[in-house]
Amino acid sequence: MGYEPQADFGTPEVRADTQVTLTIDGRSVTVPAGTSVMRAATTSGGAIPSLCATDSLAAFGSCRMCLVEVEGMRGTPASCTTPVAQDMIVRTQTPRLEKLRRGVMELYISDHPLDCLTCSANNDCELQDTAAEVGLRDVRYGYAGAHHLGQQPDLSNPYFLFAPDKCIVCSRCVRACDEVQGTLALSVEGRGFASKISAGQRADDFLSSDCVSCGACVQACPTSALMEKSVKEHGKPERAVITTCAYCGVGCTFRAEMRGEQLVRMVPWKDGKANRGHSCVKGRFAWGYAHHQDRITTPMIRESVDQPWREVSWDEALAFTAGRISAIKAQHGARALGGITSSRCTNEETFLVQKLVRAGFGSNNVDTCARVCHSPTGYGLKTTFGTSAGTQDFDSVMDADVILVIGANPTDAHPVFASRMKRRLRQGAQLIVIDPRRIDLVRSPHVQAAHHLPLQPGTNVAVLTAMAHVIVTEGLADEDFVRDRCDWDEYQDWARFVSDPQHSPEFLEAVTKVPAAELRAAARLYATGGNGAIYYGLGVTEHSQGSSTVMAIANLAMATGNIGRPGVGVNPLRGQNNVQGACDMGSFPHELSGYRHISDGATRTMFEQDWGVALDPEPGLRIPNMLDAAVDGTFKAIYIQGEDILQSDPNTHHVAAGLAAMDCVIVHDLFLNETANYAHVFLPGSTFLEKNGTFTNAERRIQPVRKVMEPANGLEDWQVTQALANALGLGWAYTHPAQILDEIARLTPTFAGVSWDRLEREASLQWPVNDQFPDGAPVMYVDGFVRGKGHFVVTDYVPTDEKTGPRYPLLLTTGRILSQYNVGAQTRRTANTAWHPEDVLEIHPLDAENRGLKEGDWARLASRTGETSLRVSVTDRVAPGVVYTTFHHPETQANVVTTDYSDWATNCPEYKVTAVQVTPSNGPSDWQEDYAGLTARSRRIAAEPAE
Amino acid sequence: MTTEAVIAEILAAHPREQSALLPILHDVQAEFGYVDAAAERIIADALNLSRAEVHGVVSFYHDFRSAPDPRPVVQICQAESCKARGIDTLMQAARDAAGERVRLAPVYCLGLCSVGPNARVRDQLHARLDEAQLVSLVKAQ
C-alpha cells in the first residue's frame, strides 16, 4: 500500500431512514437525509475546497472556503453547514465562487510563511492543496502590516510541536480536543486578528496544560502548525501499513506510516472499528522502545544466574535450552516443565507456546498473565452466560442510557474507549461510578457522575448484592426477561437471598462505607434509566472474591434485562492488547483453545490427532502453583514469553524464591526484564512492528498485526518458539502465521470461520465466527445464552482475610496511569516518562497529617509481606484510610508489598487490597537497595563471547 | 477575606451551570478589577468546565482583564457613525491627554449614533464630543 492520506468527507456520516436525491454539478446524488452538501459532493466524487472541515468533527463553517451556489437560495452558503434537500441543485464551481474562494485564500496566505519547500507538511498540507485547488496566483497584501510570522514554536510536548506562525486558527484542534478526545485542553485565546490557539491558560504550554497527548489535534490540523516531531525529523512517509496497537485491550488500529524501515508516525486508522480513528498517547506516540538501546537482539545463556550472560548464536542458545529441558524431563518428568504465554504476543504465538508446553514438554503446566488480571472474568461469565468474554462491541456504548463503571479507570487505562464513553455522557447518558478513588470520570469537564459510590476496598460483592437487594425488593427487576432467558428457579433462590434484610444497603453500610441512600439511588437508576451498560476492570477481578463479583455483575444485568441488544451488557475492559486472545488460545492449564476442558475426551482426541501426540488429561499448574512447586523442588524449568512475572505478580519475594529454585528459566522478551535476573536463557523477542499475526481485543475483535520492518533480533516470536520446538525434535514447519491461524480455526469451533485471507478482506471479525454466526457477533446473546438459560449465582459476601489492624491500619489499592503501561518495560523506554517519571503514593490529607507527611516526602510503605519506599502525593481523591499507587516502575516494586491472597476460584491475586502502614522515610528501603545490586550483577554481559 | 473566599461567595450567588459563566466573570471583574489565572481555575472547577474553556472566554472579551490595571478607563466609540462624525480627528488629542495615566479603550457602538462622537466613563455616557470636551473628559479621570 502506498502513502495516501485517508479520504476525508468533510463532515461526519449521518444515519437516517430516508434518502434524499439532489443534483451536484449535474450529477444526481442520493444520500441519507441530514447529510451535508459537502459530504454529498465528496462521496460522489467531487470534493469541495475546505479548511475548517474534517469528517471526525461536527461542521463549523468558519473558513468560508467551501462556499457553493444553490439554485433558489440567496448568497453562497457554506456546503459543510448546509444539509441536503430533495431536488436541490448545487453548483460547486462558478466564476463567482472562484473569485470568492481565491480572495479568502489570499487573506489566509497573506499571514502564512511561504516556506513550503522546507516545511514539515510539504506535500501533505491541506492549506497547500486548497491554495492549488482555488488557483491562488498572487497575494496582493504583503507582510508590511500586522502578522504572526516568526512566532516561536511550543516544543514542550515530547512528540509534537505547535508552530503558531503556521496556524490558520481554523480551530480543528480545539474541536478535536473537545469532541473526539473530550479533554477540552485547548481553546482559542483572544479574538479577531489576535486570536490564537492556546493550550490551557495564558502561562501554559502544551505539556503543562490538561493535554493528554492523544494526538487528535495533530491529526486534525490541516497545516504543519501541529506536527509530529518524527515527521519533522524523517520527512513525509512513503507507505502506510494497517496494523493493530500492542498496548491495551481496546485494540486500536493504526496506519504505520513508513519510509523504508523507518517508522515515521503511527496515525489512527479511521476505518478501525474499535477506535474509530482515535488514539491515545501510548499507541500514537510511544513506540520508540522498539529501537531503544536496552533492546537485546542476540540470544544469551549462562550456566547459573550468578554468572554474567554470554552472547551466543541462535543454534547454541537453542541447543543449550533443549539440552537442559530434556535433562530435566528425563530426571524429574514432564510435570517439572511449564510455560507462560504472553497476552502481549499474537494469537498465533500464544497458541504455539501452549502447544509447545502440552505437545512438546508433555505437561499442561501452561498459564498466562490473565491469571493475574481477568481470570475471574473468564470463570464468572462462563458460569453465568456460557462464554468467557464481554457481551458487546465498543460502539454499543453510544446506545447506553446509564453507564455503570466499577473497578475501572477508563480515562487512564482504556483512554480511547473512555473518549467514546465521555462523548456519550456529554450527549446525556447518566453515569454511576463504583470505585474507592474519585477517578477522573467522577467529575471532569462536562462529565459528572450521577452517583459515585466510594466503597471500602474489598467490598465489591457487598455493594453489588445491596444493589440487587434494592432492585428486587423495590420490584424493579425485569421478570419477563428473566422468565424468558434465565433459569426461573435459580432466579427465585437468588432473589430470596438478596432480599434478606442483611443484604440491604442500610445493613451493609457499616462494611461498604457507602451511604445507603446513595446506593439505593444508584440501583434505581441502573434498573430504570433505560439501556444499562456495565463496564468493569481489574478493580473487580483482582480480589479474593473476584469471580463472585463478576457473577454478581452478571446477576444484576440479567435481573434487569440488560443483555442481548446494543447499549447494554457486561463489558470487561481487558488490560492487555491480546489478553482476550491469549485466554481464547488455550493458555490456561485446564483448558484447550475455545475454553474446552482438557479432561474432555472428545476435544483432547481432536488435538491429539491433529498434533500426533498424546496429551496429559490432567489440568496442569497455575503460575502461583508453579512457583510453589519450584520452591518445593518439584518444578524445574519454565519458558516465559513476553511477561515479567517478577514485577507484575504479587509478593515479589515469593516469585523471586520460586524462580531462583529452578534449573532452567527461559525468558523470551525484548529487554532484560526483572524476571531475567533469574534466567539462564534469554531469547530476544520481536516487537509488534516486526511480526505478522492477530490480536483479539476486549470486544472479541480479531484484528491483523502486520510486519512493517524486519525483526531486529532476526526472528518473529512465533519463529523463536518454533525453533525451540524443533530443537526438542517436534518438527514444526510453519512458514507464516496464517497457517497457525488455520490450525486454530480447525481446532476451535468459535474460530471456525476465521482465516488470514478473510481478515485481509474484512479487516476484523468478532468471534464467534462459525456456521451460527458466519459474520461474527458484535453483540452476544441476542437470541439467548450460550449455556441455554442464564445462570443466577448466589454471591455471599466474604470479607478478605487481609485485614487492617493497629500495625497496618491503611488499605492499599493499586492501579495504572495514562502515560505508562503496566510494568513499563515499553513506556519507561519512551518519552512518556515526561508525564510519569516515578510511582507515587496517593494519601488522604488526614492520614498524611497524622504521619507528618507532606507532598513529595519519601514514605515507607510496609505490609505483612514486604516494604518499599516512594514519594507521597497528598490528595482527597482517596478516602481516609485508603492509599493508592501504580506499579509501573521496578525501582518501586509495589508488588513487594502485595500479598499471596487470591480469588477463591481462579487464584487471581488480590492486588487491590493490602493492609499497610505508611511512615516517613528518608530514601529507598533495604529491599530496593539489595535489589538494585542484584539487578546490576545479574545484567552483566561478558565483554567477549566465550567459545 | 481571601481571594478564594470572595470568589466562593460570588459563585454561591449563581447557579452551578455553564450558563452562569458570564455573570460570574462580570462579578469577579467588578470585585477585583480583573480575572486572573487563579480565578479562571476556581471558576472552571466550580462549573465543571476546563480551565482552557474559561480562559478562552475571559480572553475573548475586552471587558475582562487578566491582570490588575489601576488606570481609569475612557471608552471611545470607533464604529461607523462616530467615524462618520469625525472621531478619528479627535483621537490624537485624546491620546496625548491620556498619556500612560489613562487607558483609552475602543468600543464599537454605544447606541447613540445620531449624537456622536461618543464616549463612556464607567456608566456615564458622553455625546456630541469635540476635541476640547474629549480632552477634558480624559484629563478629568
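Begin with chain B of this predicted model, where, among the contacts between residues at least 6 apart in sequence, 61% join residues at least 24 apart. With chain B still selected and coloured by secondary structure, you should find seven helices and four strands, and following the chain from the N terminus takes you through these elements in the order α-α-α-α-β-α-α-β-β-β-α. The C-alpha trace of chain B spans about 50 × 25 × 25 Å along its principal axes, and of its 141 residues 28% count as buried.

Next, show chain A together with chain B and turn to the place where they touch. Here 13 residues of chain B are in contact with 20 residues of chain A. On the chain B side, select helix H3 (37-47) and helix H4 (51-60), each of which supplies at least two residues of the side that touches chain A; H4(B) gives the most to that side, with seven residues. If you colour the chain B residues of this side by character, they divide into four nonpolar, six polar and three charged.

Now hide chain B and move into the interior of chain A. The largest nonpolar core has 174 residues, and those that touch the most other members are Cys173(A), Cys217(A), Ile403(A), Val463(A), Met467(A) and Ile553(A). Select helix H13 (residues 460-473) of chain A, which gives the most to this core, with ten residues. Centre the view on Val463(A): leaving aside its neighbours within four places in sequence, this residue is in contact with Ile434(A), Leu453(A), Leu455(A), Thr512(A), Val514(A) and Leu519(A). A second, separate core, of 113 residues, can be picked up by selecting Phe361(A), Val665(A), Tyr678(A) and Val916(A), which are included in it.

For the last stop, select helix H8 (residues 314-332) and helix H25 (residues 717-727) of chain A, which pack at an angle of about 55° with their axes 9 Å apart. The two helices, H8(A) and H25(A), are therefore oblique to each other, and their crossing is right-handed. To see how the contact is made, show the side chains of Trp314(A), Leu318(A), Ala319(A), Thr321(A) and Ala322(A) on H8(A), and those of Ala723(A), Leu724(A) and Ala727(A) on H25(A). Coloured by character, the residues of the contact of H8(A) with H25(A) divide into seven nonpolar, one polar and no charged.

Technical notes:
Residues are numbered from 1 along each chain as its sequence is written. Chains are lettered from A and ligands numbered from 1 in the order in which they are written. This is a predicted model: local features need pLDDT of at least 70, side-chain atom pairs count only at pLDDT 80 or more; totals for chains, interfaces and linings use all residues. Two residues are in contact if their C-beta atoms, placed from the backbone, lie within 7 Å. Ala, Val, Leu, Ile, Met, Phe, Trp, Tyr, Cys and Pro count as nonpolar, Asp, Glu, Lys and Arg as charged, and the others, Gly among them, as polar. A residue is buried if 20 or more other C-beta atoms lie within 10 Å of its own, exposed if 12 or fewer, and partly exposed in between; C-beta atoms are placed from the backbone. A nonpolar core is a set of buried Ala, Val, Leu, Ile, Met, Phe, Trp, Tyr and Cys residues joined through C-beta atoms within 7 Å. Axes are lines fitted to C-alpha atoms, for helices over the stretch in contact, and angles run from 0 to 180 degrees between N-to-C directions. Angles under 35 degrees count as roughly parallel, over 145 as roughly antiparallel, 65 to 115 as roughly perpendicular and the rest as oblique. A crossing is left-handed if the near helix is turned anticlockwise from the far one by less than a right angle, and right-handed if clockwise.
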